[in-house]
There are 2 protein chains.
Amino acid sequence: MLKRLSKYKTKLGNKKKATIKDIANVLNISPAAVSKALHDDSRISEKTKKAVKQVAKNLNYQPNHLASALRKGKSNLVGVIVPRTNSNFFSSVIQNMEEVLNRKGYNIIITQSNESYKKECANIDTLLFTQVDGIIASMANETVDLSYYEKIKSKGIPLILFDRGENDLNVDYIGINDYESSHMIVEHLVNQGCKRIAHIGGYKHTRIYNNRIRGYIDALGKHHLPLENELLIESNLTTEDGRIKMQQLLKLKKRPDAVYVAGDYAALGALQVLNEQHIDVPNDIALVGFGDEPFTGMVTPTLSSVNQQSSEIGRLAALTFLEHSKKDVVTQSLNKQILDAELIVRESSKKSKN
Amino acid sequence: MLKRLSKYKTKLGNKKKATIKDIANVLNISPAAVSKALHDDSRISEKTKKAVKQVAKNLNYQPNHLASALRKGKSNLVGVIVPRTNSNFFSSVIQNMEEVLNRKGYNIIITQSNESYKKECANIDTLLFTQVDGIIASMANETVDLSYYEKIKSKGIPLILFDRGENDLNVDYIGINDYESSHMIVEHLVNQGCKRIAHIGGYKHTRIYNNRIRGYIDALGKHHLPLENELLIESNLTTEDGRIKMQQLLKLKKRPDAVYVAGDYAALGALQVLNEQHIDVPNDIALVGFGDEPFTGMVTPTLSSVNQQSSEIGRLAALTFLEHSKKDVVTQSLNKQILDAELIVRESSKKSKN
DNA sequence: GTTTTATGGTTAAACGTTTAAGCATAACTA
DNA sequence: TAGTTATGCTTAAACGTTTAACCATAAAAC
């Protein structure tokens with residue numbers, strides 16, 4: 001009796017949030033019964049359930065996520081690591097991922113690596129520290145050392161990679177067919193009559209860019225075009241570097257008549273240089289980017305590019321995580337889902353003679 | 001003895017994560033001592049601290065954030081709500097916010113409203129459910145009803161708004177001086193010789209857009225230019241709507257000789273229309289955007305715009321939250337921090353005669 | 001030589017849930 | 001009527017920390 005009174009006092013004093021205990025007290029049942037009622041446990045009568053839910057509403061009860069996560073050993077939080085969010089691709093992936101996961105009661109924590117390996121490691125620590133139930137990531141350009149990702153695996157937490165992934169890690173991966181996309185692009189340029197096709201590619205150590213490079217090389221071969229070293233350039237694919245690499249190409253004795261850039265931002269830099277030098281795009285030099293960022297349709301001339309299926313990638317990444325979380329045995333099942341990309345032909349590669 | 005054995009067994013079986021209990025067992029001290037040692041409590045000897053930290057490292061101990069958050073009643077998580085992340089402004093704000101908060105042991109959860117009021121409410125629920133210690137938000141365009149934000153205040157959780165904020169809510173706010181920015185822009189256009197300056201503005205019910213509109217009107221007055229209704233248009237400021245509103249302006253009997261658009265994306269749409277109709281920008285019609293998105297320097301002609309101090313806003317928002325979290329009394333102190341913005345003049349508003 | 005004060009811990013409760021196990025009571029079965 | 005089963009709860013422990021309160025022991029003070 002005394003105990004109850006004092007409890008009541010403090011409750012009034014602090015104006016604390018309502019807990020299941022408060023609900024239990026009102027109805028004179030046990031907290032356990034309340035918990036079960038709120039979760040529609042079959043062992044609780046409909047009458048009690050209804051009463052509990054009513055009182056919960058009256059008291060403005062909000063479940064304490066921390067407590068339930070601690071007890072259940074899962075946080076219902078999924079960590080996401082992306083190089084940056086201010087790209088349409090990543091932000092669209094995230095949006096679709098979120099949609100799927102929210103429906104299943106998961107929330108996501110987004111972190112950005114800013115293409116920095118160090119930041120990426122810090123992000124992983126942050127997410128592990130926050131007890132996420134899984135991590136969905138796209139790796140920074142810089143990342144070569146994978147030991148930090150091994151750390152995730154060793155904790156038994158599902159890890160799913162998308163876009164920028166690494167085969168060697170042996171984890172699930174969702175991405176587009178980069179190799180095939182390069183074929184599409186080269187084929188398209190050949191159809192436009194181009195004969196000296198250059199490629200400003202990404203870092204070779206990143207799998208997707210390596211695949212695009214391989215696709216470029218093989219496609220040249222397929223169309224009996226010679227592969228020239230000076231036409232294949234490695235870049236960090238920023239706008240600034242796109243400018244630099246384009247200037248480099250323009251200095252060649254034999255200029256290319258088409259440039260395929262592995263990223264839209266770098267393609268934009270290249271386009272700026274071409275415009276500044278009053279080179280006719282596409283008739284003198286055709287240009288194709290990669291990623292289908294919104295600005296590709298905004299610049300002059302509009303920029304051909306490859307749509308990367310961001311929505312589908314986000315959806316599949318989320319579903320893959322959910323698949324993992326269903327089974328309690330954490331088998332990293334090495335399931336690679338490769339989607340077909342779509343070439344969006346715009347002005348920068350559509351020659352007028354066609 | 002038996003108990004210990006069984007405990008050891010399960011530990012081997014599940015390969016569970018190490019806890020402070022495990023560390024305590026190794027050193028034959030109490031878990032409480034371990035906790036204190038890890039937090040450098042003065043009541044623990046240096047020797048013990050060192051030993052504890054060594055064992056912690058050996059066992060690959062990671063503190064269980066959930067447990068500590070539950071016990072301490074705070075999650076060290078800050079929720080962030082932005083209309084979208086794929087804008088340079090918001091992504092830069094977030095990045096700077098994160099930097100400041102990470103240093104103080106806080107992590108952030110980013111959510112996007114996609115300019116939808118409904119999604120925004122869902123985000124607030126999500127964040128409250130996740131037991132964040134504070135919320136930093138920029139409101140969706142759609143948002144008019146503020147009851148959901150009141151919900152945050154009523155929970156006693158610090159709420160800080162930036163960029164898109166509402167005076168009426170009486171909470172901390174960080175933003176730029178929109179009113180003054182409009183003055184700067186109009187003054188600049190007047191200096192370029194423009195006499196019929198139009199404004200494609202945002203929704204009047206959003207404070208920042210309203211301030212820009214007021215600034216525009218007052219600046220016209222200051223320069224003795226008449227305010228004409230047909231030159232002041234309300235828009236949702238998407239690229240598409242920028243196109244539509246520009247077309248509307250071009251249909252006027254007396255066209256404007258300058259257009260000030262309250263957002264870069266809409267300004268881009270306007271620019272597209274002008275380019276398509278081969279109208280000389282800036283000589284026939286000068287154009288100024290708002291936000292200094294990276295693409296403003298990429299389009300042809302490059303687009304004058306206003307830099308919104310994203311880094312500083314992010315930093316200040318974070319610091320303001322930290323200020324709140326220091327005092328346990330949650331006083332919403334109504335502290336408005338207004339920064340000066342910077343006009344970046346590019347080709348679209350620099351007339352050749354100047 | 002007794003009292004005071006540091007020093008360096010220990011104990012136990014608490015945070016709010018969830019859940020395995022237990023236990024009345026009622027209802028049905030044979 | 002005794003035995004079984006179903007219904008609808010209750011009890012108590014557990015999740016991993018933190019922290020207030022307590023307690024030895026040793027050193028210092030008087």
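Helices and strands here are DSSP runs, a helix having at least four residues and a strand at least two, and their numbers count from the N terminus. The model is predicted.

**Two proline stops in chain A**

Start by selecting A:Pro301. This proline sits in the loop that joins strand 9 to strand 10 (305-307) of chain A. Show the backbone between A:Thr300 and A:Pro301: the peptide bond there is cis, with omega near -10°.

Next, select A:Pro282, in the loop between helix 12 (264-276) and strand 9 (286-288) of chain A. The bond leading into A:Pro282 from A:Val281 is also a cis peptide bond, with omega near 15°.

**Chain A as a whole**

Zoom out and color chain A by secondary structure. The chain holds 13 helices and twelve strands. Along the principal axes, its C-alpha atoms fill a box of roughly 95 × 35 × 35 Å. The radius of gyration of chain A is 27 Å, where a compact globule of 354 residues would have one near 20 Å.

Switch to a surface view. Chain A exposes about 16300 Å², and carbon and sulfur atoms supply 50% of that area. Of the 354 residues in the chain, 54% count as buried. Among contacts in chain A with a separation of 6 or more, 72% are made by residues 24 or more positions apart.

Color the charged side chains next. Chain A has 49 positive and 39 negative ones, and the centres of the two sets are 13 Å apart.

**Two loop residues**

Select A:Asp40, in the loop between helix 3 (31-38) and helix 4 (46-58) of chain A. A:Asp40 is not a glycine, yet its phi is positive, at about 55°. Is A:Asp40 buried or partly exposed? Its relative accessibility is 44%, so A:Asp40 counts as partly exposed.

Move on to A:Asn60, which lies in the loop between helix 4 and helix 5 (65-72) of chain A. A:Asn60 is another residue with a positive phi that is not a glycine, the angle being about 60°. With a relative accessibility of 49%, A:Asn60 counts as partly exposed.

**The two copies**

Now show chains A and B together. A turn of 180° with a shift of 0.0 Å along the axis lays chain A on chain B with an RMSD of 0.1 Å. The two copies are therefore related as by a two-fold rotation axis. To find that axis from chain A, select A:Asn86: its C-alpha is the nearest one in the chain, 2.0 Å from the axis.

Which surface do the copies use to meet? Of the interface residues of chain A, 98% are also interface residues in chain B, so the copies meet through the same surface.

**Two buried stops in chain B**

Select B:Leu169, in the loop between strand 4 (159-162) and strand 5 (172-176) of chain B. B:Leu169 counts as buried because its relative accessibility is 0%. Leaving out residues up to four places away in sequence, B:Leu169 touches B:Leu146, B:Tyr149, B:Glu150, B:Lys153 and B:Leu161. For a distance check, draw a line to B:Ala258: the two residues are 89 apart in sequence and 36 Å apart in space, C-alpha to C-alpha.

Finish at B:Val306, in strand 10 (residues 305-307) of chain B. B:Val306 has 0% relative accessibility and so counts as buried. Beyond residues up to four places away in sequence, B:Val306 touches several others, including B:Ser181, B:Ile185, B:Phe290, B:Asp292 and B:Leu343. B:Gly289 is 17 residues from B:Val306 along the chain, and their C-alpha atoms are separated by 6.9 Å.

Conventions. Residues numbered from 1 in each chain as written. Chains lettered and ligands numbered in written order. Predicted model: local features only at pLDDT ≥ 70, side-chain atom pairs only at ≥ 80, totals over all residues. Heavy atoms only, no water. Rg over C-alpha atoms; globule rule 2.2 N^0.38 Å. Buried < 20%, exposed > 50% of the residue type's maximum accessible area, 1.4 Å probe, protein only. Contact = heavy atoms within 4.5 Å. Areas by Shrake-Rupley, 256 points an atom, 1.4 Å probe, with all protein chains shown as cover. Lys, Arg positive; Asp, Glu negative; His and termini not counted. Charge placed at Lys NZ, Arg CZ, Asp CG, Glu CD. Least-squares fit on C-alpha atoms with pLDDT ≥ 70 in both.
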